[in-house]
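Trainee: I should like to go through the reasoning behind the terms applied to this structure.
Mentor: Then let us have it in view.

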Amino acid sequence: MKRINRFFIAVFMLFSASFGLKAQVDLDAFLEAGVADANKLLEGYLQPAFEGFGYGLASGWYNTAKPHNLLGFDLSVTVSAASVPTGAEFFTFRNSDYTNVRYDGGASVDIPTMFGPNLGADDLPQLTFLDPDTGEEVVRISAPTGLGIEEDFMPFNAVPVPMAQIGIGLPKGFELKVRYVPEQTFEDDGNVKLFGLGLMHDIKQWLPGEKLLPIDLSVFLGFTNLTSQVYIDKDLDQYGEFEANSYVFQAVASKKFLFVTAFAGLGYSNYDIGFNMLGDYTTETRTFTDPISLKYKKNGVRANVGLRLKLLFLTLTGEYAFQEYNTMSVGVGFSFR
């Protein structure tokens with residue numbers, strides 16, 4: 001269990017952006033140009049990490065449209081990978097969007113996001129940062145580069161999202177699903193906790209001639225909340241605060257063939273994510289308190305298809321979701337009807 005918890009905190013640390021900020025961003029220069037410009041730059045740079053995480057939270061909820069019988073239950077663990085689209089590997093820097101940062105080579109330029117390629121300084125555009133009080137040049141630096149995740153860490157450019165949950169059958173064709181990670185605190189890293197509720201209901205039972213239908217039909221509603229605090233510099237009491245909320249509503253259909261169940265869903269999902277950098281950050285000229293506050297929110301249609309293989313009580317699941325960040329999920333669990 002300790003290793004699983006470490007895996008959870010490692011993933012959430014990445015998307016609290018501590019690694020990306022320290023490794024790829026000259027935060028002092030960003031702040032010297034003013035808080036508003038610093039927030040705008042980081043919003044574009046970190047966008048695919050947080051958006052991918054939001055889409056990933058909507059995955060892995062179910063692997064069949066047939067709810068458990070009364071008091072039947074399952075326990076499952078899934079890992080989802082939200083694929084970062086090519087268009088999200090760069091964001092467009094426009095001079096008109098900034099007050100104290102400019103690109104001298106034109107009105108706009110494309111800059112790698114956190115999930116963009118890891119480029120050398122010679123391949124990156126140069127940004128000029130101005131003092132917000134005097135308008136004088138403070139520093140000229142290369143734009144931040146991406147982490148090169150597809151090149152160095154993973155076989156494809158994706159945001160990983162781990163999840164664990166239980167499901168239990170209720171009366172009248174209902175099934176309750178619970179996602180829960182009690183607060184995990186790591187002295188040198190930070191903490192993370194997660195809670196989610198999902199409810200599936202068999203609607204086939206209410207349809208005329210329901211016994212003639214060759215498939216199972218249900219509706220599903222789910223909510224997930226995750227909060228995390230990650231130290232950026234513990235000695236200076238600098239840390240990132242992260243909160244994500246995800247909602248999903250879908251109609252679900254499935255068909256069982258011997259040991260294999262094929263399932264599909266169609267509906268709607270959205271997420272609401274906030275990230276704050278808290279503490280005092282001192283540059284050469286001034287100190288900034290709680291300087292960064294970012295918010296990401298999006299909604300849209302979500303469709304998914306998948307297969308579940310059940311061998312006695314063991315279940316193996318694969319799922320693919322079609323959305324802005326297409327998401328692949330694999331899971332393993334134990335199910336008792």
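The dialogue below concerns a predicted model and sets its values against the definitions in use.

Trainee: What makes the strands a closed barrel, and which strands take part?
Mentor: The barrel has 10 strands in the order β1-β7-β8-β9-β10-β11-β12-β15-β16-β17, with antiparallel pairing. The twist from one strand to the next averages 20°.

Trainee: How do you know that β11 and β12 pair?
Mentor: Pairing requires at least two bridges. Strand β12 (residues 260-278) and β11 are joined by 19 bridges in the antiparallel sense, so the two strands count as paired. One of the bridges sets Glu-241 against Asn-276 in β12. The hairpin of β11 and β12 has 2 residues between the strands, and Leu-258 takes a positive phi near 55° there.

Trainee: How many bridges join β12 to β15, and how many join β8 to β9?
Mentor: Between β12 and strand β15 (residues 292-311) there are 18 bridges, and the strands run antiparallel; Asn-270 stands opposite Asn-299 in β15. Strands β8 (residues 174-186) and β9 (residues 190-202) are antiparallel as well, with 11 bridges. Leu-176 has Leu-199 in β9 as its bridge partner.

Trainee: Which strands does helix α4 lie across?
Mentor: Helix α4 lies across β1 (73-83), β7 (158-170), β10, β11, β12, β15 and β17, and runs at about 20° to β15.

Trainee: Which residues have the most contacts inside the largest nonpolar core?
Mentor: That core has 52 residues, and those with the most contacts inside it are Leu-41, Phe-53, Phe-93, Val-101, Leu-127, Phe-129 and Phe-242. Helix α4 supplies the largest share, 9 residues. Another core, of 9 residues, lies apart from it and includes Ala-58, Tyr-62, Met-200 and Val-252.

Trainee: With which residues is Leu-127 in contact, leaving aside its neighbours within four places in sequence?
Mentor: Among them are Leu-41, Phe-93, Val-101, Ile-111, Val-139 and Ile-141, together with Arg-102 and Arg-140.

Trainee: How many aromatic pairs are there by the rule in use?
Mentor: The count comes to 15. In one of them, Tyr-55 and Tyr-325 lie 5.3 Å centre to centre with 20° between the planes.

Trainee: Why is the pair of Tyr-55 and Tyr-325 called stacked?
Mentor: The centres must lie within 6.5 Å, and planes under 30 degrees apart count as stacked. At 5.3 Å and 20°, Tyr-55 and Tyr-325 satisfy both conditions, and therefore the pair is stacked. Tyr-55 belongs to helix α4 (residues 35-56) and Tyr-325 to the loop between β16 (314-322) and β17 (327-336), so the pair links parts of the chain 270 residues apart.

Trainee: Are these two tyrosines buried or exposed?
Mentor: Buried means under 20% relative accessible area. Tyr-55 stands at 7%, so Tyr-55 is buried; Tyr-325, at 1%, is buried too.

Trainee: Why is the pair of Phe-223 and Tyr-247 called tilted?
Mentor: The angle between the planes is 40°, with 5.0 Å centre to centre. Stacked requires under 30 degrees and edge-to-face over 60, so this pair is tilted. Phe-223 lies in strand β10 (residues 216-233) and Tyr-247 in strand β11 (residues 238-257), so the pair ties together parts 24 residues apart in sequence. Phe-223, at 27% relative accessibility, counts as partly exposed, and so does Tyr-247, at 39%.

Trainee: What makes Arg-179 a charge over the face of Trp-61?
Mentor: The distance limit is 6 Å from the ring centre, and Arg-179 lies at 3.7 Å from that of Trp-61.

Notes: Residues numbered from 1 in each chain as written. Predicted model: local features only at pLDDT ≥ 70, side-chain atom pairs only at ≥ 80, totals over all residues. Heavy atoms only, no water. Phe/Tyr/Trp six-rings, centres within 6.5 Å; stacked < 30°, edge-to-face > 60°. Helix = DSSP H or I, 4+ residues; strand = E, 2+ residues; numbered from the N terminus. Buried < 20%, exposed > 50% of the residue type's maximum accessible area, 1.4 Å probe, protein only. Lys NZ or Arg CZ within 6 Å of the ring centre and 35° of its normal. Core = buried A, V, L, I, M, F, W, Y, C linked by side-chain atoms within 4.5 Å. Contact = heavy atoms within 4.5 Å. Axes fitted to C-alpha atoms, helices over the stretch in contact; angles between N-to-C directions.
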